[in-house]
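Let us walk through this model together, beginning at a single link between two chains and working outward from there. Please keep the 3D view open as you read.

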Amino acid sequence: MTPAVLTLSDVGYRWPRRGSFALTVPDFAILEGESVLLLGESGAGKSTLLSLICGTILPDRGSISIAGTELTALSGGKRDRFRAEQIGVIFQQFNLLPFGTVADNILLPLRFAPQRRKRAGNAVAQATDLCAALGLPPDVGRNKANALSVGQQQRVAVARALIGQPPLIIADEPTSALDAGSQAAFLDLLFAQTDAHQTSLLMVSHDARLGDRFDRVIRMEDIAQIERAAA
Amino acid sequence: MTLRLAIASLFARALTVGMTILAIALSVALFLGVEKVRTGAKASFADTISGTDLIVGARSGSVQLLLYSVFRIGNATNNVTWESYQDIAARPDVDWIVPISLGDSHRQFRVMGTTQAFFEHYKYRQGRSLGVADGVIMDDLFDTVIGADVAATLGYSVDDPIIVAHGLASFTEHKDQPFRVSGILEKTGTPVDRTVIVSMEAIEAIHVDWQSGAQIPGQSTPVDVIRGMDLTPKAVTAALVGVESPLQTFALQRAINQYPEEPLLAILPGVALQELWGIVGIAETALLAVSAMVVVTALIGMMATIFSSLNERRREMAIFRAMGARPATILGMLVLEAMVMAAAGAMLGLALLYIGLIIAQPIVDSAFGLWLPIDAPTLREAWVILGVICAGAIVSLVPALRAYRMSVADGMIVKT
């Protein structure tokens, strides 16, 4: 059986100062190379779940393990470093530092992740290759990030998530800012890359139509319980 | 790369950042400028009189004697008799002696009676001699040489007539003995600029018909009769003395201070100037304090700019966090950014100072007689710049700590 790249078991988290809201995830795992679409309406706890997986917040109980490392055992600074090493993150939009060049943006996570930098080898060359593979114009690296179209910016974000081959990519509604045609093209490129590098992908969306392209589709309510005390 | 990204981020906000840097630059230029003027003024002040070893006058305080004999401020409590003056002049350790007679005025300017030796021995700004800008040094009894400010203020040129008033701020004038401007001195930046200089004999001549400070009614001696009279002064207000050898200065000072016939006071001009600067120096310190406050204000302005940028930069901080930056890295970036701004401001301020100095140096010299030297930046200026950068870093800690807390709370997800 393929080992899991991400495992959550018996995780419980209660928002501080918002005592009425608590999230529990009894058991959830993503296997190596697997692509998972997580569907959920807004307010279903998707953002909290992503924050827990990325280690910017710590669960009150339970265990979160990524690529064999127990996240809850790490200090805040170590979790940040670990995120840089192991996870590529793609946001809904505004992924890039507008004042930096495309190359600056793609190389950004390597600054905080020395091992990932080593894995990347010639990082600039790899960035150029990724840009070409993602259908970005040649020499795009020297452009200012805010000179690109939204679709191009999302593709740069994919290149940034993929550089140095982290085992897990987390994408938070990366297609919602794109029109239907661009969405399909974007997903084609994304899957071509994750398949090529055997990277696991966890994409969060509220759009069930994307589901047939993924290995597995999970609804938020299937894996997590939200507890809301009467306000 | 961190520095390059910080600079790129600053360039992206060029307008507000530019304004902030300009404010810091102006405040630093002001601070360094005040510092320059301060040291320049102090040097100019100390150079008001040089080459004179002792100033002799009637016994009073050393600052008072300096004030009326050199700065023409205030009045002598008493005069020195001509006999005492002659006694001192005759001492073997006295190389030269120049008498000064004060008490009359022309408009708002003091009239000083002295001898030709004054032009020879009065030195200012490290041994510079008085120069004549126009005309010649007086050689007739009723000739006068006026300072640059006197000529400029009253619009006098060579050969103009001058009527001297008796006493200060007085309406009684020595109308019967008008003077003629024979020469106008170059600007010196010393009280000489504001002085009307006549000969010792002229002071006697205009007081021939006067007794105990009032004109004898109906008496008016014709000018040609005065010219025939013995015009040896009866008293002098003060005297500038040069000694044969510097070693004798203190012995001569003691001898004059213990002069048995009359209570006299001899002072070392340098020491008295120091004493006087100690009094006026408070204003200078206050000025420096005010300009330091301007620098602080500019830095607080920078702090406000960083504060107001935090909200619009939440997204940027979230991107850094998602890429693995620690909250401490966010804090460090903001502090680094502030240091870059402060450094740019300080450097620009230094450049502004030199541009200002190059433009202002001749103007300030001719208008105020204040010489502002243009030197390479000193260690002191380097410390000021370093201080501004450090202060910028410290000030930026306030918004940076807020950004730190924000990035801990937001993590990598910003609710928009």
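A good place to start is the pair B:Arg321 and A:Asp80, whose side chains meet in a salt bridge at 2.9 Å, N to O; the term stands for a side-chain nitrogen of Lys or Arg within 4 Å of a carboxyl oxygen of Asp or Glu. Across the interface of chain A and chain B, the rule finds two salt bridges, while the structure holds 24 over all chains.

A word on conventions: this is a predicted model, in which local features need pLDDT of at least 70 and side-chain atom pairs count only at pLDDT 80 or more, whereas totals for chains, interfaces and linings use all residues. Residues are numbered from 1 along each chain as its sequence is written, chains are lettered from A and ligands numbered from 1 in the order in which they are written, and side-chain values use heavy atoms, with hydrogens and water left out.

Back at the interface, how many residues does each chain bring to the contact? Chain A gives 25 residues and chain B gives 24, with contact meaning heavy atoms within 4.5 Å. The size of an interface is often given as the accessible area lost when the parts come together. Here the area buried between chain A and chain B is about 2300 Å², and carbon and sulfur atoms give 69% of it; buried area is the accessible area (1.4 Å probe) that two parts lose on being put together, summed over both. On the chain A side, A:Phe91, A:Phe99 and A:Arg111 lose the most area to chain B, together 28% of what that side buries.

Next, look within chain A. The side chains of A:Arg81 and A:Glu85 meet in a salt bridge of 3.5 Å, N to O. Both residues lie in helix H2 of chain A, four residues apart, about one turn of the helix; helices (H or I, at least four residues) and strands (E, at least two) are DSSP runs, numbered from the N terminus.

Elsewhere in chain A, A:Asp179 sits in the loop between strand E7 (168-172) and helix H7 (180-197). A polar contact of 2.9 Å joins its side chain to that of A:Ser182; such a contact is a pair of N or O atoms within 3.5 Å, where, within protein, one must be able to donate a hydrogen and the other to accept it, and residues adjacent in sequence count only if both atoms are side-chain atoms. A:Asp179 and A:Leu107 are 72 residues apart in sequence and 28 Å apart in space, C-alpha to C-alpha.
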